[in-house]
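Trainee: Could you take me through one part of this structure up close? I'd like to look at a single pocket and what sits around it.

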Amino acid sequence: MPGWGAGEQAEQHYLVQPRALAGGGDIRHVSHFLHASGWQDKSVAGGPLVMESPDRTVRLAYNPHVLPGGWAIYADANGRDNAWWAHLGRQTPVEIVAGLTDALTRPRDAHAPDIWAPLEQQGWNARAEGRHYSATSPDGSAWMQYHHKSDGEAMWWTGAKDAQGNGWSGQFSISTPMHLVQAFTAELANPEPVMRPRGRVPFSAQIRTWSVSVLPSQLHAWQQTRITAARTGAWAPSSAQRVRPRTTPARPYAPAGGARTRR
């Protein structure tokens with residue numbers, strides 16, 4: 001579009017791989033999508049982010065100021081699912097968190113979910129370990145595990161850590177609907193890099209970064225595309241007519257005219 005971005009100054013960002021070690025990112029990636037999908041913001045001024053689903057059965061909170069801090073999701077029992085919960089550390093990349101939270105706004109797929117399939121498709125090493133079953137990323141930094149605790153209960157355990165021990169971990173109750181866990185693992189295993197602004201890239205020998213120059217108007221356009229996708233899904237007339245919205249613009253990390261150099 002002629003004149004698009006005229007007079008703007010490009011800002012330096014970085015593409016980061018693997019995404020599991022990219023750091024938390026901007027929580028608005030999660031909250032704005034939910035809000036556009038009809039969720040209510042229940043946050044108190046100066047307090048943590050708190051949101052509630054349109055039917056008031058699911059609550060999400062993000063609080064970085066408590067230990068261990070991070071994301072907490074609680075869902076009441078309904079006619080189909082038992083009550084469930086999920087906790088994800090504050091350094092969980094928002095793009096991976098959104099795998100689960102975006103799926104909360106979509107109708108359930110008719111096909112039986114397979115949480116291991118997205119991992120195996122990306123070359124993760126899946127194996128049985130005693131009473132546990134786990135999959136580990138090709139570089140060994142991220143994992144997903146069906147974990148039996150010592151008290152006999154089971155849960156899903158996930159996370160990522162570099163050689164210095166920096167990273168995050170998360171747990172899902174065993175009653176978490178499998179289609180949500182699969183949506184999470186699909187983003188956990190997604191090989192595409194994620195973008196972080198200068199100064200927000202973790203220091204780790206296990207990540208790869210590329211510098212990109214991005215115009216503020218481009219960032220806004222990509223964010224608006226995601227919000228529009230959420231609104232489209234929320235206002236679709238029926239589940240039969242709903243198509244899974246594309247929640248990430250096509251390759252937003254390679255803007256036209258943007259310089260790209262590997263660091």
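Mentor: Sure. In this predicted model, helix H4 (178–189) and helix H5 (216–235) each put at least two residues into the lining of the second largest pocket. H5 gives the most, with four residues. The space in there comes to about 550 Å³, and 29 residues line it, with Asp 55, Ala 103, Leu 104, Thr 105 and Arg 106 closest to the centre. If you sort the lining by character, you get 15 nonpolar residues, seven polar and seven charged.

Now pick out Ala 103 from that central group, since it leads us to another helix. Helix H2 covers residues 94–103 and is mostly covered itself: ten of its ten residues are buried. Among them are Val 94, Glu 95, Asp 102 and our Ala 103, so you'll find charged residues as well as nonpolar ones in that buried set.

Thr 105, also in the central group, takes us to Ser 37, because contact here means heavy atoms within 4.5 Å and Ser 37 touches Thr 105 along with Pro 54, Ala 230 and Ala 234, leaving aside residues up to four places away in sequence. Where is Ser 37, then? Look in the loop between helix H1 (28–36) and strand S2 (40–41). Its relative accessibility is 12%, so Ser 37 counts as buried, the cut-off being under 20%. Finally, follow the side chain of Ser 37: it reaches the backbone oxygen of Phe 33 at 2.9 Å.

Conventions
Residues numbered from 1 in each chain as written. Predicted model: local features only at pLDDT ≥ 70, side-chain atom pairs only at ≥ 80, totals over all residues. Heavy atoms only, no water. 1 Å grid on protein atoms, 1.4 Å probe; cavity = no way out; pocket = protein on both sides within 12 Å on 5 of 7 lines; lining within 4 Å. Points joined across faces, edges and corners; volume = space filled by probe spheres on them. Buried < 20%, exposed > 50% of the residue type's maximum accessible area, 1.4 Å probe, protein only. Polar contact = N/O pair within 3.5 Å; in protein donor to acceptor, adjacent residues only side chain to side chain.
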